[in-house]
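Please read the following walk-through alongside the sequence and the coordinates. The text moves from helix to sheets and ends with a single residue.

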Amino acid sequence: MTEIKINFKKAQLSLFLLVMLFFIPIAFALFLTNNLLFITLASILLLFIFGIIILILRKLLNFKPALIISQSGLQDNTNHLKNPIIKWENIIGIGEANHGSQKLILIMVKDPEAFIFSENGSWQGVYKNSFELYGTPETISISNLQIKDEALIKLLNESLNKYGKSNKRGR
């Protein structure tokens, strides 16, 4: 099997970037009020906006695919985690869930605790929260991917059936 690469929706990220840029003059206008509360709000708003802009620019300037599905496993580049490759032998199932209006792909792993503790710092908290909400630490948001959710779920299930089983036979 050749690798299947799924990219980010760059147009959607660009639109979101433009929306964030729209709020910068509003935040600067709050500085002109000479009101301490508005100046504080403007500072917080600008920090938030610039943080989001940096994250968006990192995604726009990143030319790596969002997901890579290969014979060895699933490489998830949608987040900034330390261990983006999940081997098929560690995946026991694929599911889906909704988080508000956002659709998530759930990657059910054999040993969730080991998966959680493979990360350190704040990402460990993200994994724990995901595990408590969905029963798995690994979730993939598909809202920014150039693939429909049904197609991705089908592709992941087919790959898991093909490579997950072949990896078990090889042991």
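The paragraphs below describe a predicted model, beginning with a helix and its aromatic side chains.

Helix α1 spans residues 10-31, a run of 22 residues. From its first C-alpha to its last, α1 reaches 33 Å, close to the 32 Å expected at 1.5 Å a residue. Which residues of α1 are buried? They are Leu-13, Leu-17, Met-20, Ile-24 and Ala-27. These residues lie on the same side of α1, because they cover an arc of only 80 degrees around the axis. The cover over the buried residues of α1 includes α2, which runs over residues 36-61. The face turned away from the buried side carries Ala-11, Leu-15, Leu-18, Phe-22 and Pro-25, which are exposed. That list contains hydrophobic names, among them Leu-15 and Phe-22, and the model places them on the exposed face of α1.

Phe-22 leads on to the aromatic pairs. A pair of aromatic rings is described by the distance of the centres and the angle of the planes. How many aromatic pairs does the count give? It comes to two. In one of them, Phe-22 and Phe-23 sit 5.5 Å apart, centre to centre, with 75 degrees between the planes. The angle is over 60 degrees, so the pair counts as edge-to-face. Phe-22 is exposed, with a relative accessible area of 54%, while Phe-23 is partly exposed at 31%. The other pair joins Phe-28 and Phe-31, at 6.1 Å centre to centre and 40 degrees between the planes. An angle of 40 degrees is neither under 30 nor over 60, so this pair is tilted. Phe-28 and Phe-31 are three residues apart in helix α1, and therefore about one helical turn separates them. Phe-28 has a relative accessibility of 45% and counts as partly exposed. Phe-31 is also partly exposed, with a value of 28%.

The sheets come next. Strands of a sheet pair through backbone hydrogen bonds, either parallel or antiparallel. One open sheet has four strands in the order β1-β2-β3-β4, with antiparallel pairing. Its edge strands are β1, residues 4-6, and β4, and each of these pairs on one side only. On average, neighbouring strands of this sheet are turned by 15 degrees against each other, direction ignored.

Within this sheet, β2 (residues 67-69) and β3 (residues 73-76) run antiparallel and are joined by three bridges. The two strands form a hairpin, and three residues lie between them. Leu-67 stands opposite Asp-76 of β3. On to the next pairing: β3 and β4, the latter made of residues 85-87, are paired in the antiparallel sense over three bridges. Here Leu-74 stands opposite Ile-86 in β4, and the bridge partner of Gln-75 in β4 is Ile-85.

Another open sheet consists of three strands in the order β5-β6-β7, again with antiparallel pairing. Which strands are at its edges? They are β5, residues 91-99, and β7, residues 138-141, each pairing on one side only. The twist from one strand to the next averages 25 degrees. Between β5 and β6, which covers residues 102-109, there are eight bridges, and the two strands run antiparallel. One position in this pairing is Gly-95, whose bridge partner in β6 is Leu-106.

The last stop is Ile-94, which is found in strand β5. Is Ile-94 buried or exposed? Its relative accessible area is 16%, which is under the 20% cut-off, so Ile-94 counts as buried. What does Ile-94 touch, leaving aside residues up to four places away in sequence? Its contacts are Ile-105, Leu-106, Ile-107, Leu-156, Asn-157 and Leu-160. One of these, Leu-106, is the bridge partner of Gly-95 in β6. Ile-94 and Phe-63 are 31 residues apart in sequence, and their C-alpha atoms are 26 Å apart in space.

Conventions. Residues numbered from 1 in each chain as written. Predicted model: local features only at pLDDT ≥ 70, side-chain atom pairs only at ≥ 80, totals over all residues. Heavy atoms only, no water. Pairing = 2+ DSSP bridges. Axes fitted to C-alpha atoms, helices over the stretch in contact; angles between N-to-C directions. Expected span 1.5 Å × (residues − 1). Buried < 20%, exposed > 50% of the residue type's maximum accessible area, 1.4 Å probe, protein only. Arc of directions from axis to C-beta. Contact = heavy atoms within 4.5 Å. Phe/Tyr/Trp six-rings, centres within 6.5 Å; stacked < 30°, edge-to-face > 60°.
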